[in-house]
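This report describes selected packing features of a single protein model. The sequence and structure are shown first, and the account follows.

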Amino acid sequence: MKENLIKEYAKEIHAPFEDSLTGLFNHGIFQILLREEVKRAQRYGDPFTLAFINIDSFSLYNKLNGSAIGDQALQAVTKFIRENLRTPDVAARYSGDEFAVILPKSSVCSAYTALERIRTAVGTYTQGKLTLSTGLASFPSEASDKEGLIQRAQEALLQAKIRGKNRVCFLKEEKEQIDSEQKFKILIVDDDPRNVKLLEAVMAPFHHEIFKAYNGEDALSLIKKIEIDLVLLDIMMPHMDGYEVCRRLKRNEATRQIPIIMVTALDDTKARVEGIEAGADDFITKPPNKIELLARINSLLKVNRLNKKMISIENILISMANTIESKDTYTQGHTQRVSDLAVALGKKMDLSVIETDALRLSGILHDVGKIGVPEEILNKPGPLNPDEWQVIKRHPAEAYRICLPLKKTLGPALEAIRHHHEKIDGSGYPDGIKGEEISILARILAVVDIFDALDTDRPYRKGMTRDETFKILCKEANDGKLDKSIVVHLMDMLGHKTTEF
């Protein structure tokens, strides 16, 4: 059947049915073969899956490497498509950097496996220089005709792009609609009332709570009063443009997590770069494509919801840390002091924003593992015996275990929590690692933790003077237990001079 259709096409069109560069079927014959596959599926009841494969950022790749290298890349992708498909499958070059594949008698799940093999093979072969995004849709479960199936697969491809590229996506009908418990507060900011009405109409089916502002000042004022979940922000507004509104929101700790989509008539690189620098989370050009806009909104709302959950869990852990600290009358305020001093030291050492935030969290949470330590040990007015010392030494590993569910949120802070009692010479605990195996964050936390412990009153002694404290820190550094450079930075930050080094 396929061969007959191909011959008829070539005879009728008086042109080749193959793409000259890749050797795959061209767009025209693909449309005919897809139409016939729909008919076959309707006649015999066999499902099939349609896939669209797009090379991520291919125009930029072409621009950087030249069209000849770009053509070689297209041929390489073609090679991996051919190698990972079955004989009945049909592959075509749909457009410049996009391919289409028809997989007869395949469900979305089985098709996913084949397309994932193609994606992985291309990424491995090019060492990540080229990646693929793929959208899948199944007939007849997701569409009743050819056009509907193409649209559905293209929507899935768009989802793959929005979720970060380099992935295979298919839409789940049951998750497309946001249910009644997932309504959000969305703010539309645009000086043109017609644009506001258009965006409001697009979102009407989801029954979100829509707020409107017609200038930047009113938008900022409204956000102070209402907990907004997402902002659709115009760029070109009088007095205060969208860039400035975005910058102010992202600089404010209370509002920096609010997702911002810039909706603009400016479709040039300069405008997007300025938006990125202002902190925008996404862009869409006027007039917006309804499907694309909803996909981008839903994607960012899910991220926002997840962030709120993570912040809530983080706050619970911090509350737990404060509760544990209240058990120990001699260390109240210790975790906050360690956190503040570690952040200040990290900034002095020119660490990144991510690293200094990790120091903030690890400083607060590093002793949360003491939840299992009896109060009589924490408040013992004298040296600990060996058994009691072993109980205390378990707290870093226990803190790590407690915080592990927040791995994605805590990031590098998690390692600092576990290793803040490790020593450069390997004599620390719980893992006995040494040298560069100990992260810079853990080494900073170790120095600051010891400093605060020596500087404040404890059950078995009064707080030491600064001279005594730094004398001990310098000795520990000279003995190869603490990072000497960090001790020096701490002394310099606190204005302490020493001759110990």
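Leaving aside its neighbours within four places in sequence, with which residues is His366 in contact? In this predicted model, His366 is in contact with His334, Thr335, Val338, His395, Ala399, Ile417, His420, Leu445 and Asp449. His366 belongs to the loop that runs between H14 and helix H15 (375-378). Its relative accessibility is 0%, so His366 counts as buried. One polar contact joins the side chains of His366 and His334, at 3.3 Å.

The largest nonpolar core comprises 42 residues, and those touching the most other members are Leu410, Ile444, Leu473, Leu482, Val487 and Leu490. The elements giving two or more residues to this core include those tabulated here.

| Helix | Residues |
|---|---|
| H13 | 334-348 |
| H14 | 353-365 |
| H17 | 395-403 |
| H19 | 412-419 |
| H20 | 440-455 |
| H21 | 466-478 |
| H22 | 484-493 |

H20 gives the most to this core, namely 10 residues. When residues up to four places away in sequence are not counted, Leu410 touches Leu361, Leu365 and Cys403. Another core, of 27 residues, lies apart from the one just described; among its members are Ala114, Ile118, Ala121 and Val122.

A helix pair completes the account. The axes of helix H10 (residues 242-251) and helix H11 (residues 269-278) come within 8 Å and cross at roughly 25°; H10 and H11 are therefore roughly parallel to each other. H10 contributes Tyr243, Cys246, Arg247 and Lys250 to the contact, while H11 contributes Ala271, Glu274, Gly275 and Ala278. By class, the contact of H10 with H11 has 4 nonpolar, 1 polar and 3 charged residues.

Note on methods
Residues are numbered from 1 along each chain as its sequence is written. This is a predicted model: local features need pLDDT of at least 70, side-chain atom pairs count only at pLDDT 80 or more; totals for chains, interfaces and linings use all residues. Side-chain values use heavy atoms; hydrogens and water are left out. A nonpolar core is a set of buried Ala, Val, Leu, Ile, Met, Phe, Trp, Tyr and Cys residues joined through side-chain atoms within 4.5 Å. Buried means under 20% relative accessible area, exposed over 50%, partly exposed in between (1.4 Å probe, protein chains only). Helices (H or I, at least four residues) and strands (E, at least two) are DSSP runs, numbered from the N terminus. Contact means heavy atoms within 4.5 Å. A polar contact is a pair of N or O atoms within 3.5 Å; within protein, one must be able to donate a hydrogen and the other to accept it, and residues adjacent in sequence count only if both atoms are side-chain atoms. Axes are lines fitted to C-alpha atoms, for helices over the stretch in contact, and angles run from 0 to 180 degrees between N-to-C directions. Angles under 35 degrees count as roughly parallel, over 145 as roughly antiparallel, 65 to 115 as roughly perpendicular and the rest as oblique. Ala, Val, Leu, Ile, Met, Phe, Trp, Tyr, Cys and Pro count as nonpolar, Asp, Glu, Lys and Arg as charged, and the others, Gly among them, as polar.
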